[in-house]
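Q: I'd like a close look at one part rather than a tour of everything. Could you follow the strand pairing and say what sits around it?

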Number of protein chains: 2
Amino acid sequence: MLIDHIRKYKVILASRSPRRHQLLSGLGIDFEVIVGNDVPEVYPDNLHDEEIAIFLAELKARSFKPELDSGQLLITADTIVSINGEILGKPVDRTDAVRMIELLSGQMHKVITGVCIWSVNKKISFTDISSVWFSRLDEEEITWYVDHYKPYDKAGAYGVQEWIGYIGIDRVEGSFFNVMGLPVHRVYEELKKF
Amino acid sequence: MLIDHIRKYKVILASRSPRRHQLLSGLGIDFEVIVGNDVPEVYPDNLHDEEIAIFLAELKARSFKPELDSGQLLITADTIVSINGEILGKPVDRTDAVRMIELLSGQMHKVITGVCIWSVNKKISFTDISSVWFSRLDEEEITWYVDHYKPYDKAGAYGVQEWIGYIGIDRVEGSFFNVMGLPVHRVYEELKKF
């Protein structure tokens, strides 16, 4: 394969997200998935969009770092949604999910993924940003989506690869895979150079 | 469902493309797939990008139209790639596929899908355009992709949802699903009003 030098590492993806598993698989590299305890997604108040995403990706990495051995390469990521100065993480309940999608409806928002790649003696952190435009969604569409897809594990309460992404997204600027949860073109680039 | 009025029709997708089947399924409507004889993708010389896509979508529809009965709704689509005035359809062989991707490498191109929705007494045709930026790909990446993925059924010789789309696409402006072969948000909008 084209990033054969990566074979010297055992790649570990620390993520519960089936989308991230699928996306990393798409690069054609072998890796193992590990999941630890949930890290509370809390960050200092003074951080902004990209800093938050990097902070959270590194926070997730940090809990695994002590156990990393010299043959391993750890990948973590965190995706947030930013709209008019508000950061949307995962919705806490149905009302919150509906509120989030109502906020996004008819508006542009940014999706920011922070990625951290960490071996014993090297660390790279970076972000990728995409802009997403939702068409104006009606209440029936929003509640139908929330009740059928239960997007409680997703920042901003939607999955771009689900029904709502099919019917409601007019336009993306940037990487679509970043909106799904992992900017694979950037991961590939960084792994090539790692 | 939200486009229940469409249920009065039996929806038929006339396409061999598994991507289009998947994309239309994502809208949550029931449909049947039919395939006829291959229509040669030939168009008049004086047509431009969007006209070509509409012309070819309607051409595909026309071969089924005589058999359409009053309860049926026929959907056809055609996707083309346009770069620096050249229109790329499906590559004819390996050399042609490699040539096409070399053309796209490091450049922006347009992906244009024409869609035709046809019932016995109504016809709508429309296009959707996305801009796609490929990073600079090296020869090894291009030939590896062509030999492993054999993209001979794809306009421009690539699938955005395949390995090359993961590693090589820096940026999309517009609908990602349009690049895959069907602008589902536009199809949904038109079916709502049909």
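A: Here's a walk along the strands, ending where the chains touch.

Quick housekeeping: this is a predicted model, with local features needing pLDDT of at least 70 and side-chain atom pairs counting only at pLDDT 80 or more, while totals for chains, interfaces and linings use all residues. Residues are numbered from 1 along each chain as its sequence is written, and chains are lettered from A and ligands numbered from 1 in the order in which they are written.

Let's start at E3(A), which is mostly covered, with 10 of its 12 residues buried (buried: 20 or more other C-beta atoms within 10 Å of the residue's own; exposed: 12 or fewer; partly exposed in between; C-beta atoms placed from the backbone). Elements here are DSSP runs numbered from the N terminus: helices are H or I with at least four residues, strands are E with at least two. Strands pair when DSSP finds at least two bridges between them.

E3(A) pairs with E1(A) in the parallel sense over 4 bridges, and A:Leu13 has A:Ile75 of E3(A) as its bridge partner. With E5(A), E3(A) runs antiparallel and shares 10 bridges. E4(A) is also antiparallel to E3(A), joined to it by 3 bridges. A:Ser82 turns up in both of these antiparallel pairings: its partner in E5(A) is A:Lys110, and its partner in E4(A) is A:Ile87. The link from E3(A) to E4(A) is a hairpin with 2 residues in between, and A:Asn84 in the turn has a positive phi of about 45 degrees.

What packs on these strands? Helix H2(A), residues 49–62, has 14 residues and spans 20 Å from first to last C-alpha, close to the 20 Å expected at 1.5 Å a residue (the expected span is 1.5 Å times one less than the number of residues). Its buried residues are A:Ile52, A:Ala53, A:Ile54, A:Leu56, A:Ala57, A:Lys60 and A:Ala61. They pack against E1, E3, E4, E5 and E6 of chain A (contact: C-beta atoms, placed from the backbone, within 7 Å).

Carry on from E5(A) and you get to E6(A): 12 bridges join them, antiparallel, and the hairpin between them uses 2 residues. One of the pairs is A:Val115 with A:Phe126. E6(A) then pairs with E7(A), antiparallel again, over 4 bridges, with A:Ser131 opposite A:Glu173.

Now the trail crosses chains. E7(A) and E7(B) run antiparallel and are joined by 3 bridges, with A:Gly174 standing opposite B:Val172. The contact as a whole takes 24 residues from each of chain A and chain B. On the chain B side, the elements giving two or more residues are H4, H5, E7, H6 and H7, and E7(B) has the largest share, 6 residues. That side divides into 12 nonpolar, 7 polar and 5 charged residues (nonpolar: Ala, Val, Leu, Ile, Met, Phe, Trp, Tyr, Cys and Pro; charged: Asp, Glu, Lys and Arg; polar: the others, Gly among them).

H7(A) sits in this neighbourhood too. Its buried residues are A:Val184, A:His185, A:Val187, A:Tyr188 and A:Leu191. They cover an arc of only 160 degrees around the axis, which puts them on the same side of H7(A) (the arc is that of the directions from the helix axis to the C-beta atoms). They pack against H1, E5 and H6 of chain A together with H5 and E7 of chain B.

As for symmetry, a 180 degree rotation with 0.0 Å of shift along its axis superposes chain B on chain A, RMSD 0.0 Å (a least-squares fit on C-alpha atoms of residues with pLDDT of at least 70 in both copies). The two copies are thus related as by a two-fold rotation axis. In chain B, the C-alpha nearest that axis belongs to B:Glu173, 2.2 Å away. Both copies use the same surface: 100% of chain B's contact residues recur in chain A.

Conventions. Contact = placed C-beta atoms within 7 Å.
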